[in-house]
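Please examine the sequence and the model shown here before reading the account that accompanies them.

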Amino acid sequence: FVKFANIEEDTPSYHRRYDFFVSRFSAMCHSCDHDPETQTEIRIAGIRGIQGVVRKTVNDELRATIWEPQHMDKIVPSLLFNMQKIDDIDSRVGPPSSPTGGEKEENPAVLAENCFRELLGRATYGNMNNAVRPVFAHLDHHRLWDPNEFAVSCFKIIMYSIQAQYSHHVIQEILGHLDVRKRDSPRVRAGIIQVLLEAVAIAAKGSIGPTVLEVFNTLLKHLRISVDFELGDRRSSAGSATFSTSSKESDERIVQNAIIQTIGFFGSNLPDYQRSEIMMFIMGKVPVFGAASQSLDTSHLGDLGTRRIQIMLLRSLLMVTSGYKATAITNALPPPFLDPLLSPSLMEDSELRQLVLEILHNLIDRHDNRAKLRGIRIIPDVSDLKIKRDKISRQDVSFMKKHGQQLYRHIYLGCKEEDNVQKNFELLFTSLALTTIELANEEVVIDLIRLAIALQDIAIINEDNLPMFNRCGVMALVAAYLNFLSQMIAVPAFCQHVTKVIETRSLEASYFLPETIFKDKCNLPKSLEKHEKDLFFLTNKIAESLGGSGYSVERLSVPYVPQVTDEDRLSRRKSIVDTVSIQVDILPGNNTEDKIDNTEEITFEALKKAIDNNGLEEQEKEKRRLVIEKFQKAPFEEIAAQCETKANLLHDRLAQILELTIRPPPSPSGTMTITAGHAHYQSVPVYEMKFPDLCVY
């Protein structure tokens with residue numbers, strides 16, 4: 001039959017069918033003769049027969065009957081059955097090889113593998129799926145997904161044998177089979193996902209086709225399903241920690257880790273333009289409180305399930321962003337990505353904050369300096385680190401003007417969290433250092449110093465009642481960062497002040513330095529109120545030292561206050577609401593009652609009403625956007641003229657109606673006496689006036 005199959009025919013024979021041969025040769029491939037030698041010979045004969053059928057029919061496009069499912073369902077399992085018997089699985093993980101003649105004749109596994117490669121190599125667009133689907137049936141029937149070594153090797157052979165443009169067909173088939181087996185045991189699902197990882201690793205080197213988003217969407221869906229299963233098992237066994245349940249939970253973690261690894265590997269192998277889209281896609285799936293996004297449905301999972309999903313997705317995002325080098329920071333951190341990433345909803349947990357900071361490091365660090373900054377410490381000589389940096393581009397300067405306050409705010413609020421551990425402080429230090437290296441011009445340097453002084457004030461004043469470890473940790477963070485910053489900008493007087501404070505601390509309060517506070521056993525002080533000013537970094541000293549070197553230090557006298565965002569009104573986090581203070585002091589009076597009255601309208605009910613009133617929120621938001629857009633885009637002369645016209649109209653109108661005289665009160669009582677014409681009005685408390693600016697005017 002093999003000799004017959006090798007005869008080339010000028011004209012195809014349309015009446016000839018090979019159904020009988022396919023059935024007979026497939027049966028011979030499964031021979032179980034009691035004599036091992038006879039069994040091997042029969043199996044080899046069967047494989048060579050199938051190879052002959054393939055060669056005789058596969059090249060004839062007019063007679064593609066061999067690709068019909070009823071034939072493929074016999075041929076492919078017969079070849080896989082013999083391939084299973086190979087001793088050395090690793091010999092087949094690479095591209096097609098050419099075994100020696102002796103191996104072909106004597107080893108059914110090698111012969112079956114070569115026949116399988118030849119079959120796949122001849123597959124076309126229309127019949128690719130018919131050749132791949134029987135592989136899934138064979139692996140399911142013989143339970144070869146756990147362990148999955150044979151399944152992995154099979155799909156490596158498939159991916160290397162088929163034409164590159166058909167790779168996405170195989171990936172789609174694996175995704176489809178994962179959906180079919182979504183209710184199976186965790187180890188089976190993990191085995192399928194690992195096969196997908198290997199297939200993607202090979203396909204990513206060529207063309208993925210239209211399946212990029214489909215791969216990520218399916219994997220994220222199965223990630224949610226896995227978390228759902230894990231939490232469901234935990235609820236069903238509440239109160240009885242059985243071995244089987246904990247084992248199943250750990251198996252689900254294997255599935256989740258396999259999904260994250262696949263997402264990360266796939267994403268990191270994509271070109272930059274596709275990778276940025278995938279970053280946006282994953283970030284859009286992260287459940288963020290109060291944000292309108294296409295996030296994964298976690299309503300039935302509860303807070304614990306939502307947190308698990310957030311951690312899993314951020315870990316996936318961390319792997320995708322690894323090694324991403326954007327020419328401009330605006331490409332790496334566009335507003336639709338940056339806003340949800342820095343959301344207060346992702347600050348509720350120490351691990352979430354760590355992941356967010358690590359993602360930021362991946363995107364900001366474009367010169368691979370992060371490894372040099374690992375660990376929070378006082379660096380004696382920054383020049384020894386050989387920091388790589390370029391001149392700050394105009395795009396980066398523009399980015400910091402628009403979004404710098406968001407980054408500062410995230411760092412500031414991150415330092416105020418009670419559950420911070422050493423790793424949080426290390427990542428916060430790295431964030432400040434990378435921002436200095438990659439994005440800092442003179443204006444940003446001043447902002448970063450203001451931020452550092454504000455962090456120091458957090459520890460000293462302690463309005464948030466932080467534990468003593470956290471307060472000392474913040475002080476150590478400020479010391480480590482200002483030491484780094486002073487050496488980076490190389491202003492001698494600034495360096496001298498920072499060095500002097502650090503030396504004083506090492507002698508009198510070493511718990512304010514990272515080398516001491518982050519040791520396992522560190523003696524903490526009982527309070528920070530009695531410490532001398534020599535232990536603190538002073539704004540006036542810094543301003544004096546930088547002013548002499550040409551820096552514009554006027555803004556240093558303005559304390560840093562975190563930027564208030566729209567999300568603060570929607571956020572459920574107490575620590576953020578506490579930072580939003582609305583205080584208007586018109587007179588420098590010391591009357592305590594007036595101060596209390598001044599803020600009495602800001603009540604819980606008022607805040608609740610503001611949160612519930614979404615329609616008004618949207619209108620206010622739109623008004624603010626239009627005003628900001630006008631001031632950003634309109635010509636300066638037009639804005640100035642309009643403001644001047646309004647001021648003149650107001651002045652003329654007041655002059656016509658009232659002869660307005662404002663006399664300051666004789667005592668700091670918080671009232672003003674208003675005289676209009678010849679009529680004398682009673683004193684009116686300032687805080688009751690609706691338009692304090694108008695009254696002062």
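The paragraphs below go from the whole chain to two helix pairs and then to single residues.

This is a predicted model, in which local features need pLDDT of at least 70 and side-chain atom pairs count only at pLDDT 80 or more, while totals for chains, interfaces and linings use all residues. Residues are numbered from 1 along each chain as its sequence is written, and side-chain values use heavy atoms, with hydrogens and water left out.

The protein has 31 helices and four strands; these are DSSP runs numbered from the N terminus, with helices (H or I) of at least four residues and strands (E) of at least two. Of its 697 residues, 47% count as buried, where buried means under 20% relative accessible area, exposed over 50% and partly exposed in between (1.4 Å probe, protein chains only). Among contacts with a separation of 6 or more, 74% join residues 24 or more positions apart; contact means heavy atoms within 4.5 Å.

Two packed helices are described by the angle between their axes and the distance between the axes. Axes are lines fitted to C-alpha atoms, for helices over the stretch in contact, and angles run from 0 to 180 degrees between N-to-C directions. Helix α9 (residues 167-180) packs on helix α10 (residues 186-203) at about 165 degrees, with the axes 10 Å apart. The pair is therefore roughly antiparallel, a term for angles over 145 degrees, whereas those under 35 count as roughly parallel, 65 to 115 as roughly perpendicular and the rest as oblique. From α9, residues including Ile171, Ile174 and Leu178 take part in the contact, and from α10 the participants include Ile192, Leu196 and Ala199. By class, this contact has eleven nonpolar, two polar and one charged residues. Here Ala, Val, Leu, Ile, Met, Phe, Trp, Tyr, Cys and Pro count as nonpolar, Asp, Glu, Lys and Arg as charged, and the others, Gly among them, as polar.

Further along the chain, helix α21 (residues 468-489) and helix α22 (residues 492-508) pack at about 150 degrees, with their axes 9 Å apart. That angle makes α21 roughly antiparallel to α22. Among the residues that meet are Met475, Leu482 and Ile489 of α21, and Phe494, Val498 and Arg505 of α22. The contact of α21 with α22 divides into nine nonpolar, three polar and one charged residues.

The loop between α21 and α22 contains Ala490. Ala490 has a positive phi of about 55 degrees although it is not a glycine, and at 55% relative accessibility it counts as exposed. Asn465, in the loop between α20 (442-461) and α21, also has a positive phi of about 55 degrees without being a glycine. Asn465 is exposed, with a relative accessible area of 59%.

Another backbone feature is the cis peptide bond from Asp146 to Pro147, with omega near -5 degrees. Pro147 is placed in the loop between α7 (128-141) and α8. Helix α8 (residues 149-161) includes Ser161, which is buried at 12% relative accessible area. The side chain of Ser161 reaches the backbone oxygen of Ile157 at 2.6 Å.

Is Leu346, in the loop between α16 (335-341) and α17 (350-364), buried or exposed? Leu346 is buried, with a relative accessible area of 0%. Leaving aside its neighbours within four places in sequence, Leu346 is in contact with residues including Met283, Val286, Leu314 and Val356. Gln310, also in contact with Leu346, lies 36 residues from Leu346 in sequence and 7.9 Å away in space, C-alpha to C-alpha.

How values were computed:
Polar contact = N/O pair within 3.5 Å; in protein donor to acceptor, adjacent residues only side chain to side chain.
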